[in-house]
Amino acid sequence: MFVCVCNAVTESQIRRAIDEGALTLADLRTRLAVASECGYCTVQVDEVLSKRLLEIATTRASGQSAGSLPTAR
Ligand code: FES
């Protein structure tokens, strides 16, 4: 599904860019040109960004806490 119609950018492309290191709307604008024309997609792009960053943080946090737990003897 297209998130940014002006630049034909899909949600999958945005999620992939985040997985590859984009951390801000400005990063996504630079990489994919989202929100660089009419701007109607800005809120939706920001929602995809926030949701994906939260997913990444949650995954990392659960992995880190599990890895940092002391082992039973
Ligand atoms: S829909 Fe993204 S800039 Fe127009």
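A residue is called buried here if 20 or more other C-beta atoms lie within 10 Å of its own, and exposed if 12 or fewer do. Keep that handy for the exercises below, which all use a predicted model.

**Exercise 1. Work out the overall make-up of the chain: how many helices and strands are there, and what share of the residues is buried?**

Start with the secondary structure: the chain has three helices and two strands. Next, put them in sequence order, which gives β-β-α-α-α. Then turn to burial: of the 73 residues, 21% are buried. Finally, look at the contacts between residues at least 6 apart in sequence: 45% of these join residues at least 24 apart.

**Exercise 2. Decide which stretch of the model should not be read in detail.**

First take the chain as a whole: the average pLDDT is 89, and 86% of the residues score at least 70. Now go to residues 65-73, where the pLDDT is below 50. Apart from near neighbours in sequence, that stretch makes zero contacts in the model. Where pLDDT is low, predicted coordinates shouldn't be read in detail. So go easy on residues 65-73, given their pLDDT below 50.

**Exercise 3. Find out how the buried residues of helix α1 are arranged around its axis.**

Begin by picking them out: in α1, residues 11-19, the buried ones are Ile14, Ala17 and Ile18. Look down the helix axis and these buried residues fall within an arc of 100°, so they line one face of α1. Now check the other side of α1, where you'll find Ser12 and Asp19 exposed. One last stop comes just after the helix: Gly21 has a positive phi of about 125°.

**Exercise 4. Ala8 and Ala35 each have a positive phi without being glycine; for each one, say where it sits and whether it is buried or exposed.**

Take Ala8 to begin with. Its phi is about 50°, and its place is the loop between β1 (2-4) and β2 (9-10). Count the C-beta neighbours inside 10 Å and you get 11 for Ala8. The cut-off for exposed is 12 or fewer, so Ala8 counts as exposed.

Now do Ala35, whose phi is near 55°. This residue is in the loop between α2 (25-32) and α3 (42-68). Here the count is 23 other C-beta atoms within 10 Å. Buried takes 20 or more, so Ala35 is buried.

How values were computed:
Residues numbered from 1 in each chain as written. Predicted model: local features only at pLDDT ≥ 70, side-chain atom pairs only at ≥ 80, totals over all residues. pLDDT = per-residue confidence, 0-100. Contact = placed C-beta atoms within 7 Å. Helix = DSSP H or I, 4+ residues; strand = E, 2+ residues; numbered from the N terminus. Arc of directions from axis to C-beta.
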